[in-house]
Amino acid sequence: QKEQIAEIESKYKAKIAERKIFLEKSLSDAIEQQDPEEAEKNRRQLADETARLEDKAEAEKEKIRNS
């Protein structure tokens, strides 16, 4: 059980890191181009996707704990 939970944590940390790298690059580009609307959109998307992936990881871990 601990091993499965550790695998889930590792998998989702990698997914979150991947999205952060991509979206932070987009955010940086928007700031460089002085596009505050696009920058804010990227900030919101980064926060939303991070929260979504963290919630999904927690749900998977809870499923394992309850099995």
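This text walks through the structure from its overall form to the cover of one helix. The model is predicted.

Start with the secondary structure. The protein has 2 helices and 0 strands. Helix 1 covers residues 2-32, and helix 2 covers residues 36-65.

Next, the overall form. The C-alpha trace spans about 50 × 15 × 10 Å along its principal axes. The radius of gyration is 15 Å, whereas a compact globule of 67 residues would have one near 11 Å.

Now check helix 2 on its own. How far apart are its end C-alpha atoms? The distance is 43 Å. With 30 residues at 1.5 Å a residue, the expected span is 44 Å, so the two values agree.

Then look at what helix 2 hides. Its buried residues are Ala39, Asn42, Leu46, Glu49, Thr50, Leu53, Ala57, Lys61 and Ile64. The list mixes residue kinds: Leu46, Leu53 and Ile64 are on it, and so are Glu49 and Lys61. An α-helix has 3.6 residues a turn, so residues three or four places apart point the same way. Helix 1 is among the elements that cover the buried residues of helix 2.

The contacts can be sorted by separation. Of those with a separation of 6 or more, 66% join residues 24 or more positions apart.

Last, the surface and the charges. Buried residues make up 24% of the 67 residues. The accessible surface comes to about 5200 Å², and carbon and sulfur atoms account for 49% of that area. The protein carries 15 positive and 18 negative charges, and the mean positions of the two sets lie 4 Å apart.

Notes: Residues are numbered from 1 along each chain as its sequence is written. This is a predicted model: local features need pLDDT of at least 70, side-chain atom pairs count only at pLDDT 80 or more; totals for chains, interfaces and linings use all residues. Side-chain values use heavy atoms; hydrogens and water are left out. Helices (H or I, at least four residues) and strands (E, at least two) are DSSP runs, numbered from the N terminus. The expected span of a helix is 1.5 Å times one less than its number of residues. Buried means under 20% relative accessible area, exposed over 50%, partly exposed in between (1.4 Å probe, protein chains only). Contact means heavy atoms within 4.5 Å. The radius of gyration is taken over C-alpha atoms; the globule rule is 2.2 Å times the number of residues to the power 0.38. Accessible areas come from the Shrake-Rupley method with a 1.4 Å probe; for residues, only the protein chains shown count as cover. Lys and Arg count as positive and Asp and Glu as negative; His and the chain ends are not counted. The place of a charge is taken as NZ of Lys, CZ of Arg, CG of Asp or CD of Glu.
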